[in-house]
Every structure is written in C-alpha cells, then in structure tokens.
Amino acid sequence: MSIEQLSVFLQNEPGRLARMCRALGEAGLNMHALVVADTSEYGVARIICDRPHSAKVVLEREGFAGSVTRVLAVEVPDSPGGLADVLEALDAAGINVEYLYCFLRADTESAVDILRVEDIERAVEVLKSSGFSLVHASQVYAPDAV
Amino acid sequence: MFQPELETMSRGALEQLQLARLRTQLARVYVNVPLYRRKFDEAGFRPEQLETLDDLRKVPFTVKDDLRSAYPFGMFAVPLRDIVRVHSSSGTTGQISVVGYTKGDVERWSDLMARTLACAGATADDVVQVAYGYGLFTGGLGAHYGAERLGAMTIPVSGGNTARQVQILKDFGVTVLACTPSYALLIAETAASMGIDVRDLPVKIGVFGAEPWSEAMREQIEETMGLRAIDIYGLSEVMGPGVAAECVHRNGLHVFEDHFIIEIVDPVTFEPVPDGERGEVVFTTLTKEGIPVIRYRTRDISRIVTGECECGRTFRRMERVTGRTDDMLIIRGVNVYPMQIEQVLMGIPGVAPHYQVVLTKRGSMDDVEVQVEVSPDVAFDEIRELESLQRRVAGEIAGKLAVNVKVKLVEPRAIQRSEGKAKRVVDLRNEGV
C-alpha cells in the first residue's frame, strides 16, 4: 500500500516554483504537501497533490519535467516520539529511508509521514506488523480517475 | 532512380565525361574570372595542361575567403544578365558569400534535387513538405524545385511556425518531410505537445541535411517520428543541397559525380589522402555556369566509402559529414567537435538530445559547460540520481574527448530550439565573460 507523489525538476531560476504552482492552481489541482530538495544548481519539488498523473501532464505542457513516484504514507500520532517509533521499526528491519517529510491532517489531528524507501513492499509489511497504520491515497488527495 | 542512364554509367564513361567537362570548366574560369586567372598564373598552371583527371591536383584550391572577398558578384563567370537567381551562405561566421545561378544552373540543380529525393525513395506520388527556410538560404528553394521536378505534390511551408507545420503534416497527408534534422526534432516535440503522435501520420521519409548530425540522432528521429531518415548534403558555394545524397541503403552519400568532382585532402598538408581515410572534402563543379568553383575546400570532414552500392548507382559515396574544420573547438589545447559531445549524450539514457556547449574563460583557462536537458522520461525523484547522471555525462565526455567539462542539467525545452541550423556552441571566451 503506497501513495503517489509528483516530483518536479526545477532549475534554480527566479519564478520557476511560482510558475509551477500557478500552473497547478490554474488546472484546479490542489496541493496537500510540498517540499523542495535543492542543490546549488537545481531542485526537486516533491508534491502530494490531487490527480498526480494529470498534474504531471499539465506541468509537462508548461515545460517542466515531472515524474510520479510511489512513496509510503504512515499515520503517526501527533505527539513526542511518534516519528522515532516508525523509524526505529524500519531501522530494526534494515530498511533504509531515502528521504521523508511530514504534514498534519486537519481532520484527524494526526501527522502523516511521507517516506521514500527502496523496497516499498517489505517496508509495508514491517510497518503493518509493528502496528502502524498506512494512509490510503484517497485519505490525503484525490487520485486520478482510472 | 530519376536519371538512371547517368546515375549508373560505367566508371570509364563517367571519367571521360568528367575530363571533358573539367577541361571546358577550367578554360571558362580562366578567361572569365580574374581571381582564377591570377591563381592559375601564380601556380604556373594553364588549363590546356590538363591531360588526365589527376592533373587537377596541380590546380590551386579555392577557399571561403576567396568568395567573401569577391562579395558580392566578383566570382561570377557570366555577365549578370545571364544570372536568374542568387542565394547566399548563412554568414554565421562572417561576411556572407553570394552565389549566382544561370537558367541552366537552376535546371541542373532541379534535376539533382529530384535525384536526391528519388534516392531517398520518393516518387511523383509523394507529398513533400519543404520546411527548409526559403529565401537566400539554398535549402528551401533547392528542395522545392527538386520536388516539383520529381512531380511530387510540393508544399512550400518554409521554416518556422512549427504548430502550423504539424497541422499541415497531419492534414495534407504529407509523406516526405524535408528540413534540418534539429528542426525535425522540434516538429516532433511540438506535435507531441499538441497531442499528435507523428508515428501515426503517413509521413514515411525524412530528407534531412544542412547541418551535421549523428547516427544516434538519426535513431532518435526515426523512433519518435516513425519515418526513414535520409541524409543529404550540399553547400551553397558548390550549389546547395543536391551535391550528394544517401540512397535507401544508407551506406554513405552518393556524390553526383557527373556534376562534381570530389577529393579528400589532408586538412594540414592539403595532399590527397587514400580512399577510406578522413580528411577535408574538396569539390570542383563541372557544369556550374554562374559561379563555378574549382577545388573548393569545404571545411567539411568526411571520407570516401569504398565498394559498390546495392542500389546500382556507380557514383562513389562519401561518409556522412561528421564535423567541420571550423566547428572544431580548441579547448585547453584539445580539438573537440560538437558532434562528439552529441554522440556521447545520445548514448546516455535520461538526457534529451538537445544540448549546448558554453565556453567561457576563467583567468587564462577555458571553462566548458555542457548544458543538457533532463529527459521527461527519466524518474529523477532523488537528488543523488541526478548527481550520478551529471557525473556520468561528465565522465563519458572526459573519457571520449579528453576534456573536463562541467555538466549542467536544465529543464526540458530550456535550450533554445532552432528552426534552421541548431546553435550548439556559445563561445564567450573573447567577450570577457
């Protein structure tokens, strides 16, 4: 069980991020989480948004390179040590986390941790057997119509 | 074949024809073009001394600067009233040079371009979209006259307005697209952004030329456009497109030797090199009236492809031009052709074929930045993957070219597309940058 994240390659140039956000806004696609990983020359924006595949097409038309990647979304209680429990469970199973970021869900008062791991299937097993609940795509964003 | 009796003549007959035409040509230029008379006199050569084709080696070379300094009409071999058309070189490297055509020249050029298109597999049943620029550039009108001569339905779109090119390609049922290879890629890209897959269209032959392009770029074009890409060759100083062309077997370009003599010379000593060895291509026009050129050094690098061709044409073939002596960049003392960089990039998945080389100076050192577009097909979610892509590009360029470069990844379509000849190199070394 995993959710889809849209990654967008961004040149370090004034206005690129704004243009990207505007393009998604004009297409009526809402963003629920956004982080930018940056280097001195470029960045990668990682976005949890409605209809990620449609969003990719919208952005490509605007000249952006986008790719949809699968990530894990884990529900964590919004209390001290919540994330540490998750990471320790993965660590104990020898699963390496490439990156992660968190956002709060207004409706449940819990946090959602987005994790990128290499072996998604195994990470799902480990997290489930450790008693964590994984978040469905439809709980955080509107998935693409199939 | 458009002119089978000429295109398949025996080598013996061809050489006789060449010799007879060459004699006439040399005599004409000696009488009518002061520059040739001066050059021949200085070299102690008189046209009547020509007894065999090999004697051509005694004749001095003609270079680009000769044409430039004769600007505009100083090298024409006929009175201006006999000229019916002029074209010029693009002038990207300096003063333009002007070439003139008599009525007979335009006739022969049309035949040679019809040959070229037939060589590529086109017939009178085809619909030819000419997306080479019309105007002073020889590409547009050259291809146009050839397509008409062949009897094909000819669409004179010229270059530019790419969305309209795509629309016409689709709506007119175009079967042959004639343009520069870099423009073909732009047309394919534009089509994709309009939701049109060129592979679904009837277009089946691409007649591409006017700039050097690699075999890898050919594959890329064929894959994205679903057509057979044919390389054609020519230059305005010699005539324009239609000097040499690939046939469907694509094993070198047949030089239309009944009208042009090809020589390959060492770019440093200017001595002829044996068949099969690379060197600078030199052309002598045998039938041009307006502005004949004698042993014109093209600055293009190629070689003779030996052996016979399955198509039955007896004309010798030249290898696809892989670079120009004046495109050659000297970077920290190493000779580099942009084509070599293109070949490296084409071999690496994850980068698009569009690139630009930016040269600057840091202190006394040349600084090279190769900008490449991240291909939309690659998953680049992780920074380290992008970094390893960058390292791979830099590593392979360093390995193949022996030059260390900085690689900059840029967004798709960040590099300016060309509607004519692609601008691959931005040299800012003399601009204090």
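The exercises below, with worked solutions, explore a predicted model with chains A and B.

**Exercise 1. Find which residues of helix α9 of chain B are buried, and work out why they lie on the same side of the helix.**

*Step 1.* Start with the helix itself: α9 of chain B covers residues 215-225, and its buried residues are B:M217, B:R218, B:Q220, B:I221 and B:M225.

*Step 2.* Now look down the axis. These buried residues span an arc of only 160°, which places them on the same side of α9(B).

*Step 3.* A reminder about helices helps here. An α-helix has 3.6 residues a turn, so residues three or four places apart point the same way.

*Step 4.* Next, ask what the buried residues face. They pack against α8 (181-193), β6 (205-208), β7 (228-235), α10 (338-346) and β18 (351-362), which belong to chain B.

*Step 5.* Finish at the end of the helix: just after α9(B), B:G226 has a positive phi of about 60°.

**Exercise 2. Decide whether B:M225 is buried or exposed, and list the residues it touches beyond four places in sequence.**

*Step 1.* Locate the residue: B:M225 belongs to helix α9 of chain B.

*Step 2.* Count its surroundings. There are 23 other C-beta atoms within 10 Å of B:M225; the cut-off for a buried residue is 20 or more, so B:M225 is buried.

*Step 3.* Leave out residues up to four places away in sequence, and the contacts of B:M225 are B:A184, B:A188, B:V198, B:R199, B:V203 and B:G206.

*Step 4.* Compare sequence with space for one pair: B:D197 and B:M225 are 28 residues apart along the chain, yet their C-alpha atoms are 7.7 Å apart.

**Exercise 3. Identify the residues that touch the most other members of the largest nonpolar core, then follow the contacts of B:A184.**

*Step 1.* The largest nonpolar core has 95 residues, and those touching the most other members are B:L177, B:A178, B:A184 and B:F283.

*Step 2.* Take B:A184 as the example. With residues up to four places away set aside, B:A184 touches B:L177, B:C179, B:G206, B:F208, B:I221 and B:M225.

*Step 3.* Then look beyond this core: another one lies apart from it, with 57 residues that include A:A65, A:I114, A:V135 and B:V410.

*Step 4.* For background, nonpolar side chains in soluble globular proteins tend to be buried together.

**Exercise 4. Work out whether B:E280, a residue of strand β11, is buried or exposed, and trace its contacts.**

*Step 1.* Strand β11 of chain B covers residues 279-285, and B:E280 is found in it.

*Step 2.* B:E280 has 21 C-beta neighbours inside 10 Å and therefore counts as buried.

*Step 3.* Beyond four places in sequence, B:E280 is in contact with B:V265, B:P267, B:R297, B:T298, B:R299, B:I301 and B:T325.

*Step 4.* For a distance to check on screen, try B:S302: the C-alpha atoms of B:S302 and B:E280 are 6.4 Å apart, with their positions 22 residues apart in sequence.

**Exercise 5. Describe the length and burial of helix α5 of chain B.**

*Step 1.* The helix runs over residues 103-119, which is 17 residues, and reaches 24 Å from its first C-alpha to its last.

*Step 2.* That span is close to the 24 Å expected at 1.5 Å a residue.

*Step 3.* Of the 17 residues in α5(B), 13 are buried, and the helix is mostly covered.

*Step 4.* Just after α5(B) comes B:G121, with a positive phi of about 105°.

**Exercise 6. Examine the backbone at B:P72, B:N161 and B:A210.**

*Step 1.* The peptide bond from B:Y71 to B:P72 is cis, with omega near -5°. B:P72 sits in the loop between α4 (64-69) and β1 (83-88) of chain B.

*Step 2.* B:N161 is not a glycine, but its phi is positive, at about 50°. It lies in the loop between β4 (153-155) and α7 (162-171) of chain B, and it is partly exposed, with 14 other C-beta atoms within 10 Å.

*Step 3.* B:A210, also a residue other than glycine, has a positive phi near 80°. Its place is the loop between β6 and α9 of chain B, and with 28 C-beta neighbours inside 10 Å it counts as buried.

Conventions: Residues numbered from 1 in each chain as written. Chains lettered and ligands numbered in written order. Predicted model: local features only at pLDDT ≥ 70, side-chain atom pairs only at ≥ 80, totals over all residues. Buried ≥ 20, exposed ≤ 12 C-beta atoms within 10 Å, placed from the backbone. Helix = DSSP H or I, 4+ residues; strand = E, 2+ residues; numbered from the N terminus. Arc of directions from axis to C-beta. Contact = placed C-beta atoms within 7 Å. Core = buried A, V, L, I, M, F, W, Y, C linked by C-beta atoms within 7 Å. Expected span 1.5 Å × (residues − 1).
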